[in-house]
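Me: I am new to this structure and would like a close look at a single part. Please start from one residue and work outward from there.

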Amino acid sequence: MADKRITIEAARYDPDKDERPRLQSYEIPFYDDSMVVLDALNYIKSEVDGSLSYRWSCRMGICGSCGMMVNGTPKLTCNAFVRDYWPRPITVQPLNNFPIIRDLVIDMDDFMHKLKEIKPWIIRKQEIPLGAGEHRQTNDQIDDFRQFSQCINCMLCYAACPVYGLNNEFLGPAAIALARRYNLDSRDQGLKQRLPVLADNEGVWECSFVGECSVVCPKGVDPAKAIQQTKLDTTLRFVLPYGNRD
Amino acid sequence: MTAEAKAAAPREYPWRIPANWWLRNRHYFLYIAREFTVVPIALWLLWLLVEIKRAGDGRAHYAPHGSTALVVFSVITLLFALYHSYTFLSLAGVIIHVKVLDRPVPSRVIVLAQFALWAVASVVVGFALIWFAR
């Protein structure tokens, strides 16, 4: 194991020097079967080239910071094992569909703006005083939205979505999945506040159901399902006489 | 962001999706194939409208167009229509959210039910066409 080596080709982009991103090759030890691509990047940063820039935090698939393109596929680098690629080289690039700030760091402002637009929090018409007790839910009520609540905002789904790549006005998979998560929550009463954004031209109707967002999600969320179900719901609300209820 | 802050911000490299993006992943290719199927289907339906118009002149003056090229095109269109129907029914199972006795019906059951209905409808329509054409 000690003699094994792996080649990492990392995208480099220095806005002060480079016209466009380029690949830089690093050959480093493949020291352990549990080694993930993020470990390889950390090795490069600490032992070979301290100038390599990338985001990471928890190293355990929870924070959603370390999403990058690994051999052309959006992945959490903390969850992409080097053993699955070795002995072939591993190419690490910034997430597709976003502007690049430096090396592997993308500008996520657009996503943060869209996330805020769909108000991903519980909205009440009238808050219940704390003294009145908790908002009670049955297991079935939780099951309605549970899978959509697993989203960690890693943006892999945006990197996999060609619709967003072609038109970044599209609200996008994660934002819509989170909107659905709150719209399905029995404690929430914010549907009418989210509908103008969801039913807009650049909302759910921009999606033409490629489905790759659900394939790449590291948490098993199905944003494509959330989007198509929202299309159906908004249509029924428009068509049915009682559809515009709260 | 203010104009000053924008000017001071580092230059970002903008993302441009490559023209061949749909060839870079099998799912993307199948998606484009699914979307493309509507083109021959639309052309075939246009041709059907022309045939209906011609049939309006009366049975005595009407002879259906039956060139080899049209037969080949019709077979290709049928294959595209079958592929489109298959993808549509498979995806519709994901969309439809039905509860029976307060339990959600699994997507697989919904998809199978749709394929069964499709098969029954095809048999009924085929039978009716053959019956009335005798």
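Reply: A:Ile176 lies in helix 6 of chain A. The model is predicted, and every value below is computed from it.

Is A:Ile176 buried or exposed? A:Ile176 counts as buried, because 31 C-beta neighbours lie inside 10 Å. The cut-off for a buried residue is 20 or more.

What does A:Ile176 touch, once residues up to four places away in sequence are left out? The list is A:Leu171, A:Leu198, A:Val204, A:Pro223, A:Ala226, A:Ile227 and A:Thr230. A:Phe148 can also be placed relative to A:Ile176. These two are 28 residues apart in sequence. In space their C-alpha atoms are 9.6 Å apart.

Now step out to the core. The largest nonpolar core has 71 residues. A:Ile176 is among the six that touch the most other members. The others are A:Val37, A:Val92, A:Met155, A:Cys157 and A:Leu178. Helix 6 of chain A, residues 173-183, gives the most to this core, with seven residues. Two domains of chain A contribute: domain 1 (5-106) and domain 2 (109-239). Both give residues to the core, so it lies between them.

A:Val92 is another of those six. Setting aside residues up to four places away in sequence, A:Val92 touches A:Ile8, A:Ala10, A:Ala11, A:Val37, A:Leu41, A:Met68, A:Val70 and A:Leu104. A:Val37 appears there, and A:Val37 is also one of the six.

A:Met155 deserves a stop too. A:Met155 sits in the loop between helix 3 and helix 4 of chain A. With 26 C-beta neighbours inside 10 Å, A:Met155 counts as buried. Its phi is positive, about 70°, although A:Met155 is not a glycine. Most residues other than glycine have a negative phi, and most peptide bonds are trans.

A:Asn153 belongs to that loop as well, between helix 3 (139-145) and helix 4 (156-160) of chain A. Its phi is near 55°, again a positive value in a residue other than glycine. A:Asn153 counts as partly exposed, because 19 other C-beta atoms lie within 10 Å.

Where is there a cis peptide bond? One joins A:Trp86 and A:Pro87, with omega about 10°. A:Pro87 is found in the loop between strand 4 and strand 5 (90-93) of chain A.

Strand 4 leads to a hairpin. Strand 3 (residues 67-70) and strand 4 (residues 73-76) of chain A run antiparallel, and four bridges join them. A:Gly67 stands opposite A:Leu76 in strand 4 of chain A. Two residues lie between the strands of this hairpin. A:Asn71, in the turn, has a positive phi of about 50°.

Next, chain A as a whole. Its secondary structure comes to nine helices and seven strands. The C-alpha trace of chain A spans about 70 × 40 × 30 Å along its principal axes. Of the 246 residues in chain A, 41% are buried. Take the contacts in chain A with a separation of 6 or more: residues 24 or more positions apart account for 66% of them.

Then there is a partner, chain B. How many residues of each chain are in contact? The count is 27 residues of chain A with 18 residues of chain B. Four elements of chain A each supply at least two residues of the side that touches chain B: strand 6 (100-102), helix 5 (162-166), helix 8 (212-216) and helix 9 (223-239). Helix 9 of chain A gives the most to that side, with five residues. By class, this side of chain A has 14 nonpolar, eight polar and five charged residues.

Chain B has its own layout. It holds five helices and two strands. From the N terminus on, the elements of chain B run α-α-α-α-β-β-α. The C-alpha atoms of chain B fill a box of roughly 80 × 50 × 30 Å along the principal axes. Its radius of gyration is 24 Å, while a compact globule of 134 residues would have a value near 14 Å. Of the 134 residues of chain B, 2% count as buried. Among the contacts in chain B with a separation of 6 or more, 48% come from residues 24 or more positions apart.

Back to the start: A:Ile176 is a buried residue and lies in helix 6 of chain A, the helix that gives the most to the core.

Terms used:
Residues numbered from 1 in each chain as written. Chains lettered and ligands numbered in written order. Predicted model: local features only at pLDDT ≥ 70, side-chain atom pairs only at ≥ 80, totals over all residues. Contact = placed C-beta atoms within 7 Å. Nonpolar A, V, L, I, M, F, W, Y, C, P; charged D, E, K, R; others polar. Pairing = 2+ DSSP bridges. Core = buried A, V, L, I, M, F, W, Y, C linked by C-beta atoms within 7 Å. Buried ≥ 20, exposed ≤ 12 C-beta atoms within 10 Å, placed from the backbone. Domains from an automatic or database assignment. Rg over C-alpha atoms; globule rule 2.2 N^0.38 Å.
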